[in-house]
Amino acid sequence: MLAAPTPTSPSQKVIVGIAEMAVSSNPAVILTTYSLGSCLGIAIYDPVVRAGGLLHIMLPDSSINSAKAVKQPGMFVDTGVPALFRAAYQLRAEKHRMIICVAGGAQIMDSGGFFNIGTRNYEALTKLFAEHDLKIQAEQVGGMVNRTMHLNIATGEVRLKISNQPQEVILCKNSTTT
Amino acid sequence: MQELDDYINKVKSLPPAPRILPELLSLLRQDDVDSDRVVKLIAFDPGITAAVLRLCNSACFAGAAPAGDLHEAVSRLGFKQVYLLVAAVSGSKMLGSAQKGYGIDSGELWEHSVVAAVAAQSIARSCGDDESLAFTATLLHDLGKIVLAEALEHIYGELVESSQSQQTPLIETEKRLLGVQHAEIGGRLLARWNFPENIVSAVWFHHQPAGAQPHEKLAAYVYLGNMVAYFMGYGFGHHAFALRGRAEALSILNLKPECMPGYMIETFEQLQLVQSLVKINT
């Protein structure tokens, strides 16, 4: 059995920018994406091979700019999510074991729905997941706050830093025990 | 008006008035811009001159040969770009500090302002309007937060609680608790600094653009630029998204809601420019 990383081992923070994604199976790595706004952070993790990835999508649908989607698939739900899963499969992660966490999608007070990018992002994501029979394990979506998301590759733990709260919160705890 | 002035006068650390910005803006309005006058005006402030030259020679703007003085900078980049750099340097002096009353860390308000300004500039350009004006008004739209941050610090808890439990926009909570709100304070301060009426009005009404008549188009650019910045995660503070959706901002400009994703992508394309402007004061 693999030894768990010792607490003294320095963690390696990998920043996932807006419209970007990253995968890793290195237990020293913590994937972080900052300030999601109406964007969505999508973390996936396979607790058996201890590999996972994080994606920071900005918009629901790549049909608005398909050239952009080729260059930067992480910008859109419909191109980013498949790219994230494919990259995780390269690390021997498997779809049926994947634990999925979602955060972001903040919304302003907009009863008319004229500025509902956050809501539309989430709707596009849940529709895509339903089509592929994927379930979200934990989520914190919507509301009027900004969120920063961390995925710990050693444990699968997903943490959030929320703009109106001083402490980080755990969105999904130690997935390796499930 | 007196109430706004009272608040402004109370602030201990008011940022310095950006003397050359309003004048430069009016120079730029002229059909035949006199290069010498522009250079003389900028050279009036050695700090800004140095910062503009540094930016001009940074990776984001640098051409084959570095610009040694302002004349070279103006002839190489053109007035519009040099103006943008002056606006950014001036803005960073005003907006670079932390705003504890809003839960905003040092640099965050500035970053928000730059992203919003770049977004508003794109929108104004696509509508065939004056992009320098949209950039400036949007860059300065949250100036009033600098003034109110001090006052808010003491009632921070109440403010958070109130906008959370009653689901009211931050600006309405400010008005209720303080009697004034950041948009009107910012507008008033810019008026005292002799900024043109269109910028004053656009900042004053940046949360309700229809009120800015006859400058409602400029106010709508500010509103939408601000919105793009929030969507893209460049909105900060404890209740960043406590804003009201104003469909009028779109109809004033004859835009459809579907255009917003396109403007977000355009702004994303300019994040490198944003980063170089954000770093001005570091």
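Helices (H or I, at least four residues) and strands (E, at least two) are DSSP runs, numbered from the N terminus. The model is predicted.

**Exercise 1. Give the order of elements in chain A, and judge its compactness against the globule rule.**

Step 1. Count the elements. Chain A has 3 helices and 10 strands.
Step 2. Read them from the N terminus: β-β-β-β-β-α-α-β-α-β-β-β-β.
Step 3. Apply the rule. For 178 residues it gives 16 Å, and the radius of gyration of chain A is 16 Å, so the chain is as compact as a globular protein of that length.
Step 4. Add the extents. The C-alpha trace of chain A spans about 55 × 35 × 25 Å along its principal axes.
Step 5. Check burial and surface. Of the 178 residues in chain A, 52% count as buried. The accessible surface of the chain is about 8000 Å², and carbon and sulfur atoms hold 54% of that.
Step 6. Look at contact range. Take contacts in chain A between residues at least 6 apart in sequence: 59% of them join residues at least 24 apart.

**Exercise 2. Lay out the open sheet of 5 strands in chain A and find its edge strands.**

Step 1. Write the strand order: β1-β3-β8-β9-β10, with mixed pairing.
Step 2. Find the strands that pair on one side only. These are β1 (12-15) and β10 (169-172) of chain A, the edge strands.
Step 3. Note the twist. Neighbouring strands of this sheet are turned by 30° against each other on average, direction ignored.
Step 4. Recall the pairing rule. Strands of a sheet pair through backbone hydrogen bonds, either parallel or antiparallel.
Step 5. Zoom in on one pair. Strands β8 (residues 147-152) and β9 (residues 158-162) of chain A pair in the antiparallel sense over 5 bridges. Within β9(A), K161(A) stands opposite T148(A).

**Exercise 3. Decide whether L140(B) is buried or exposed, and list its contacts beyond four places in sequence.**

Step 1. Locate the residue. L140(B) sits in the loop between α8 (131-139) and α9 (143-153) of chain B.
Step 2. Apply the cut-off. Buried means under 20% relative accessible area. L140(B) is at 0%, so it counts as buried.
Step 3. List the partners. With neighbours within four places set aside, L140(B) is in contact with L21(B), G91(B), M94(B), L190(B), F195(B) and V203(B).
Step 4. Take one C-alpha distance. L140(B) and S92(B) are 48 residues apart along the chain, and their C-alpha atoms are separated by 9.7 Å.

**Exercise 4. Describe salt bridges of chain B by distance, burial and the parts they tie together.**

Step 1. Start with the total. The whole structure holds 12 salt bridges over all chains.
Step 2. Take D5(B) and R192(B). Their closest N and O atoms are 2.9 Å apart. D5(B) lies in helix α1 (residues 2-10) and R192(B) in helix α12 (residues 182-192) of chain B, so the pair ties together parts 187 residues apart in sequence. D5(B) is buried at 11%, whereas R192(B) is partly exposed at 34%.
Step 3. Take R125(B) and E131(B), with closest N and O atoms 3.2 Å apart. R125(B) is partly exposed at 39%; E131(B) is buried at 14%.
Step 4. Take K217(B) and D129(B), with closest N and O atoms 3.2 Å apart. K217(B) belongs to helix α14 (residues 216-231) and D129(B) to the loop between α7 (108-126) and α8 of chain B, so this pair ties together parts 88 residues apart in sequence. K217(B) is partly exposed at 37%, and D129(B) is partly exposed at 30%.
Step 5. Finish in chain A. Salt bridges with shared partners join E157(A), R159(A) and E168(A) into one network.

Notes
Residues are numbered from 1 along each chain as its sequence is written. Chains are lettered from A and ligands numbered from 1 in the order in which they are written. This is a predicted model: local features need pLDDT of at least 70, side-chain atom pairs count only at pLDDT 80 or more; totals for chains, interfaces and linings use all residues. Side-chain values use heavy atoms; hydrogens and water are left out. Two strands pair if DSSP finds at least two bridges between them. Axes are lines fitted to C-alpha atoms, for helices over the stretch in contact, and angles run from 0 to 180 degrees between N-to-C directions. The radius of gyration is taken over C-alpha atoms; the globule rule is 2.2 Å times the number of residues to the power 0.38. Buried means under 20% relative accessible area, exposed over 50%, partly exposed in between (1.4 Å probe, protein chains only). Contact means heavy atoms within 4.5 Å. Accessible areas come from the Shrake-Rupley method with a 1.4 Å probe; for residues, only the protein chains shown count as cover. A salt bridge is a side-chain nitrogen of Lys or Arg within 4 Å of a carboxyl oxygen of Asp or Glu.
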